[in-house]
Protein chains: 2
Amino acid sequence: MPKDSIRLNFGYRIRELRVASGMTQEAFADHCGFARTYMSRIETGGANPSLEAVKTLADGLGIELGELFKGI
Amino acid sequence: MPKDSIRLNFGYRIRELRVASGMTQEAFADHCGFARTYMSRIETGGANPSLEAVKTLADGLGIELGELFKGI
């Protein structure tokens with residue numbers, strides 16, 4: 001698996017869960033306390049978020065980390 | 001949950017899985033291509049590894065990310 005595939009797969013998963021939650025990308029960024037440009041980079045695989053940032057995303061979606069990574 | 005709990009919980013999980021695999025911390029660090037001091041910091045919650053580093057750890061343990069984060 002190329003190095004950036006995990007970033008792409010993770011971003012796709014975040015977007016999928018965020019859309020399912022009914023939040024816009026901007027609202028979700030605000031909810032997580034992240035810059036909107038950073039959230040955009042996360043969803044498009046441009047960012048390599050830290051463990052703590054990943055936890056913030058899971059908390060923002062109201063799900064467990066194991067659920068967030070399911071199928072990735 | 002305090003900010004560093006995810007780091008501590010993650011480090012504990014990595015250590016648990018690494019010990020179960022039979023690898024020493026040094027051997028696992030070499031296997032992952034990480035500095036031994038960095039692996040020590042990961043296992044003790046001192047590091048905040050990136051998504052790509054987390055994927056490298058899962059691959060080094062031969063497990064899926066969903067399994068790695070199970071129960072964290």
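This is a short tour of a predicted model with chains A and B, stop by stop.

**Before you start.** Residues are counted from 1 along each chain as its sequence is written, and chains are lettered from A in the order in which they are written. Because the model is predicted, local features need pLDDT of at least 70 and side-chain atom pairs count only at pLDDT 80 or more, while totals for chains, interfaces and linings use all residues.

**Stop 1: both chains.** Show chain A and chain B together. A turn of 180° with a shift of 0.0 Å along the axis lays chain B on chain A with an RMSD of 0.0 Å (superposed by least squares on the C-alpha atoms of residues with pLDDT of at least 70 in both). That is the relation of a two-fold axis.

**Stop 2: where the chains meet.** Now select the contact between them (residues are in contact if their C-beta atoms, placed from the backbone, lie within 7 Å). Chain B brings 17 residues and chain A brings 17 residues. On the chain B side, α1 (5–21), α4 and α5 (65–68) each supply at least two residues (helices are DSSP runs of H or I with at least four residues, numbered from the N terminus). The most comes from α4(B), with four residues. By class, this side of chain B has eight nonpolar, four polar and five charged residues (Ala, Val, Leu, Ile, Met, Phe, Trp, Tyr, Cys and Pro count as nonpolar, Asp, Glu, Lys and Arg as charged, and the others, Gly among them, as polar). The copies meet through the same surface, since 100% of the interface residues of chain B are also interface residues in chain A.

**Stop 3: helix α4 of chain A.** Select residues 51–61 of chain A. Here A:L51, A:V54, A:K55, A:L57, A:A58 and A:G60 are buried (20 or more other C-beta atoms within 10 Å of a residue's own; 12 or fewer is exposed, and in between is partly exposed; C-beta atoms are placed from the backbone). Their cover includes α1, α2 and α5 of chain A, along with α1 and α4 of chain B. Just after α4(A) comes A:G62, which has a positive phi, near 70°.

**Stop 4: across to chain B.** Add α1(B) to the view. Its axis and that of α4(A) come within 9 Å and cross at roughly 110° (axes are lines fitted to C-alpha atoms, for helices over the stretch in contact, and angles run from 0 to 180 degrees between N-to-C directions). The two helices are therefore roughly perpendicular (65 to 115 degrees). Look for A:L51, A:E52 and A:K55 on α4(A), and for B:I6, B:R7 and B:F10 on α1(B). These residues divide into three nonpolar, no polar and three charged.

**Stop 5: B:F10.** Stay on α1 of chain B, where B:F10 lies. This residue is buried, with 26 other C-beta atoms within 10 Å. Setting aside neighbours within four places in sequence, B:F10 is in contact with A:L51 and B:I72. Try selecting B:L68 as well: it is 58 residues from B:F10 in sequence, yet 8.7 Å away in space, C-alpha to C-alpha.

**Stop 6: inside chain B.** Finally, select α2 (residues 25–32) and α4 (residues 51–61) of chain B, which pack at about 115° with their axes 9 Å apart. That makes α2(B) roughly perpendicular to α4(B). B:F28, B:H31 and B:C32 of α2(B) make the contact with B:T56, B:L57 and B:G60 of α4(B). This contact has three nonpolar, three polar and no charged residues.

Conventions:
Contact = placed C-beta atoms within 7 Å. Parallel < 35°, antiparallel > 145°, perpendicular 65-115°, else oblique.
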